[in-house]
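The following note is offered to a colleague who is meeting this structure for the first time. Please read the numbered points alongside the sequence and the model.

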Amino acid sequence: MELIEGLENLELSLDGPEIYNECENKILSKNQQKKLNRYEAISGRKKDKRKEERSRRRERFKERRQGGEKPKDETRKEQIERLTNAKEVGIKVFIDLQYATNMTNKETQRLCNQLKRIYGSNKASISPFNLTFSNLKRDGIIYQTCVEKITGFQQFHVNMIEESISEEHDISKLIYLSPDAAEYLENIEDDKVYVIGGLVDDTVQSRVSLQYTETVGLTARKLPIPLYMEKSDGGTFKQILTVNQVFDILLKFQETKSWPEALIAGVPKRTGFVLKQEHKENS
Ligand SMILES: C[S@@+](CC[C@H](N)C(=O)[O-])C[C@H]1O[C@@H](n2cnc3c(N)ncnc32)[C@H](O)[C@@H]1O
C-alpha cells in the first residue's frame with residue numbers, strides 16, 4: 001500500500017482496483033477529488049503506454065522472425081564463433097593504447113567508448129579482424145576506466161595485452177595508421193599487422209603517432225581519402241578521424257575490397273567529403 005501525497009488518511013494501492021473501492025466509501029474534499037482524478041489520468045495513461053509498447057515489441061519480434069531473422073542467442077553464438085576463428089585466421093589489427101598520458105579524463109572516457117564501438121563492429125562483422133588492445137596496463141587509467149564504464153569489458157573477445165606492439169611483433173610487418181604519414185594505405189594484406197593509435201585528442205596533438213613510428217622505425221600510412229574523395233560545398237574537411245571510424249573503414253575495406261565503398265560508409269558526412277565522380281559507380 002502506498003500513500004498518495006495529499007490524500008490524507010486515504011491509503012491507495014497503486015496497482016489494484018482497491019483504489020476505487022476505498023475511495024467510493026469515503027467523502028473526498030474537492031482538493032482530494034482533484035488529486036485523485038489526476039492520479040487516475042496519469043496511471044491510466046502509463047498503463048496504456050506500457051500496453052502499446054508491449055504489443056509493438058511483440059509485432060517487431062514477429063516481423064523479424066517472419067523475415068528470417070535468427071533468434072538473438074543464435075546470432076550471438078555465431079558471432080562468438082567468428083571472433084574465436086578470427087583469433088586463428090583473421091588479419092591482425094592492434095589498437096595501440098600507449099597514449100594514456102596524452103589524454104584528459106574526459107578524452108580517456110571517450111576512448112573507452114570508442115573501444116566499445118570497435119568491439120561491437122568487429123563482433124557484428126562476417127569477417128572480423130583478429131583484434132588486440134595492446135599496451136593495456138591493468139593498473140592504468142585506460143583499463144580502469146573501461147572496466148568501470150563498459151559492462152562486460154573484461155569478457156570482450158579481444159586479445160588484451162600489456163606489451164607494446166613492437167615487443168609483440170616483427171616490426172617489418174607493422175603498418176601504423178597515422179593521419180600525418182607521407183604515404184597512403186593502398187591495400188590490406190594478410191601477413192601484415194595494422195595498428196591504430198588509441199588516442200583521443202580534442203585539441204589536435206599533431207604528429208604524435210608519426211613521431212612514434214619514426215622513433216621505432218615503423219612503416220606509417222594514411223587513409224587514401226584524397227585519392228577517392230573531393231571536397232563538396234561545405235564541411236569541416238578534417239581528415240583526422242576517430243579510432244573507431246578508422247577501424248570501421250578498415251573493416252569495410254577488407255569486406256568489400258573497395259576504397260570508395262569503405263570511405264563513403266566511414267568518413268563522416270560533416271567532413272564534407274564526397275566521392276569523386278569517377279569512383280561513384282564503384283561504391
Ligand atoms: C584521433 S586520431 C589521433 C591523431 C593524433 N594527432 C595522431 O598523431 O595520431 C586516432 C588515430 O586514428 C588513426 N587515424 C585517424 N585519422 C587517420 C587518417 N586520416 N589516416 C590514418 N590514420 C588515421 C591514427 O592511428 C590515429 O593515431
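1. Gln114 is classed as buried, because its relative accessibility of 7% falls under the 20% limit for that class. The residue sits in helix α4. Beyond residues up to four places away in sequence, Gln114 touches Val200, Thr242, Val243 and Asn244. The reader should note that the model is a predicted one.

2. Helix α4, which spans residues 105-124, also holds Asn122. Asn122 is buried, with a relative accessible area of 1%. Neighbours within four places in sequence set aside, its contacts are Leu83, Pro128, Phe129, Leu131, Phe247 and Leu251. For orientation, the C-alpha atoms of Asn122 and Arg58 lie 29 Å apart in space, while the two residues are 64 apart in sequence.

3. A further residue of interest in helix α4 is Arg110, whose side chain meets that of Asp202 in a salt bridge with an N to O distance of 2.4 Å. This pair links distant parts of the chain: Arg110 belongs to helix α4, Asp202 belongs to the loop between β7 (193-197) and α7 (208-216), and 92 residues separate them. Arg110 counts as partly exposed, at 37% relative accessibility.

4. How many salt bridges does the structure hold? The total is 7. Among them is the one between the side chains of Glu53 and Arg56, with 2.9 Å from N to O. Both residues lie in helix α2 (residues 30-66), where their spacing of 3 residues corresponds to about one turn of the helix.

5. Glu53 also forms a salt bridge with Arg57, and here the closest N and O atoms are 3.8 Å apart. Arg57 and Glu53 are separated by about one helical turn, because they stand 4 residues apart in helix α2. Glu53, Arg56 and Arg57 are thus described as a network of salt bridges.

6. Are the members of this network buried, partly exposed or exposed? Glu53 is partly exposed, with a relative accessible area of 26%. Arg56 is likewise partly exposed, at 43%. Arg57 belongs to the partly exposed class as well, with 46% relative accessibility.

7. Turning to surface charge, Asp139, Glu162, Glu163, Glu167 and Glu168 form a negative patch. One of these residues, Glu162, is located in the loop between β5 (159-160) and α6 (165-168). Glu162 counts as partly exposed, because its relative accessibility is 34%.

8. Two backbone values deserve a check by the reader. Arg207 has a phi near 65°, which is positive although the residue is not glycine. Arg207 lies in the loop between β7 and α7, and it counts as partly exposed at 37% relative accessibility.

9. The other value concerns Lys257, a residue other than glycine with a positive phi near 60°. Lys257 is placed in the loop between α9 (243-256) and α10 (259-266). Lys257 is exposed, because its relative accessible area of 54% is over the 50% limit.

10. In closing, two residues of helix α4 may be viewed together. Gln114 is buried at 7% relative accessibility, and Asn122 is buried with a relative accessible area of 1%. On the surface, the negative patch that includes Glu162 and Glu163 may be examined next.

Key:
Residues are numbered from 1 along each chain as its sequence is written. This is a predicted model: local features need pLDDT of at least 70, side-chain atom pairs count only at pLDDT 80 or more; totals for chains, interfaces and linings use all residues. Side-chain values use heavy atoms; hydrogens and water are left out. Patches are made of residues with over 30% relative accessible area and no salt bridge: like charges are joined within 9 Å, nonpolar side chains (Val, Leu, Ile, Met, Phe, Trp, Tyr) within 5 Å. Accessible areas come from the Shrake-Rupley method with a 1.4 Å probe; for residues, only the protein chains shown count as cover. A salt bridge is a side-chain nitrogen of Lys or Arg within 4 Å of a carboxyl oxygen of Asp or Glu. Lys and Arg count as positive and Asp and Glu as negative; His and the chain ends are not counted. The place of a charge is taken as NZ of Lys, CZ of Arg, CG of Asp or CD of Glu. Buried means under 20% relative accessible area, exposed over 50%, partly exposed in between (1.4 Å probe, protein chains only). Contact means heavy atoms within 4.5 Å.
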